[in-house]
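Trainee: I'd like to learn how to read a structure I've never seen before. Could you walk me through one?

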Amino acid sequence: MSDLKTQFDDAVNYIQTAEGDFKPSNEMKLAFYALYKQATEGDVSGKRPGMMDFVGRAKYDAWEALKGMSSDEAMQQYVDKLNSLK
């Protein structure tokens, strides 16, 4: 496993089990979500959620904004974003 993949997995684990003072805003959660999806699944697929599905639509739009970004680049941005908050 590459060093970047290890750092990414550690960052994901930190975010998922965050305790204490780490209280990310909704915008920050959305950014981490989009980077995670781009890193693990690639470009967004499927139909955009309906108008009344506000959360699903926001997630879809955030992920779609990263279309074309490589998996490695998304992983690196995820790690860098978390490190800038620590």
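Mentor: Let's go through the core, two helix pairs and one loop residue, keeping in mind that this is a predicted model.

Trainee: Let's start inside. How many residues does the largest nonpolar core have, and which of them have the most contacts inside it?

Mentor: That core has 16 residues, and F8, L35 and Y78 have the most contacts inside it. Helix 1 (3–16), helix 2 (26–41) and helix 4 (71–85) are the elements that give it two or more residues. Helix 4 supplies the largest share, with five residues.

Trainee: Which residues is L35 in contact with, leaving aside its neighbours within four places in sequence?

Mentor: You'll find L66, M69, A74, Q77, Y78 and K81 on that list. So Y78 turns up twice: as a contact of L35, and beside L35 among the residues with the most contacts inside the core.

Trainee: Now the helices. How are two packed helices described?

Mentor: You give the angle between their axes and the distance between the axes. Try helix 1 and helix 2: they pack at about 145°, with their axes 12 Å apart. Their crossing is left-handed.

Trainee: Which residues make that contact?

Mentor: From helix 1 come F8, V12 and I15, and from helix 2 come F32, Y36, A39 and T40. Sort them by class and you get six nonpolar, one polar and no charged residues. F8 is a familiar name, since we met it in the core.

Trainee: And how do helix 2 and helix 3 cross?

Mentor: Helix 3 covers residues 54–64, and its axis comes within 8 Å of the axis of helix 2, crossing at roughly 60°. The two helices are therefore oblique to each other. This crossing is right-handed.

Trainee: What does each helix bring to the contact?

Mentor: Helix 2 brings L30, Y33, A34, K37, Q38 and E41, while helix 3 brings A58, K59, A62 and W63. This time the classes are six nonpolar, one polar and three charged.

Trainee: Last stop, the loop between helix 2 and helix 3. R48 is found there, so is R48 buried, exposed or partly exposed?

Mentor: R48 is partly exposed, because its relative accessible area is 41%, and that lies between the 20% and 50% cut-offs.

Trainee: What is R48 in contact with, leaving aside neighbours within four places in sequence?

Mentor: R48 is in contact with R57, Y60 and D61. You can also check the spacing to K59: eleven residues apart in sequence, and 9.6 Å apart in space, C-alpha to C-alpha.

How values were computed:
Residues are numbered from 1 along each chain as its sequence is written. This is a predicted model: local features need pLDDT of at least 70, side-chain atom pairs count only at pLDDT 80 or more; totals for chains, interfaces and linings use all residues. Side-chain values use heavy atoms; hydrogens and water are left out. A nonpolar core is a set of buried Ala, Val, Leu, Ile, Met, Phe, Trp, Tyr and Cys residues joined through side-chain atoms within 4.5 Å. Buried means under 20% relative accessible area, exposed over 50%, partly exposed in between (1.4 Å probe, protein chains only). Helices (H or I, at least four residues) and strands (E, at least two) are DSSP runs, numbered from the N terminus. Contact means heavy atoms within 4.5 Å. Axes are lines fitted to C-alpha atoms, for helices over the stretch in contact, and angles run from 0 to 180 degrees between N-to-C directions. Angles under 35 degrees count as roughly parallel, over 145 as roughly antiparallel, 65 to 115 as roughly perpendicular and the rest as oblique. A crossing is left-handed if the near helix is turned anticlockwise from the far one by less than a right angle, and right-handed if clockwise. Ala, Val, Leu, Ile, Met, Phe, Trp, Tyr, Cys and Pro count as nonpolar, Asp, Glu, Lys and Arg as charged, and the others, Gly among them, as polar.
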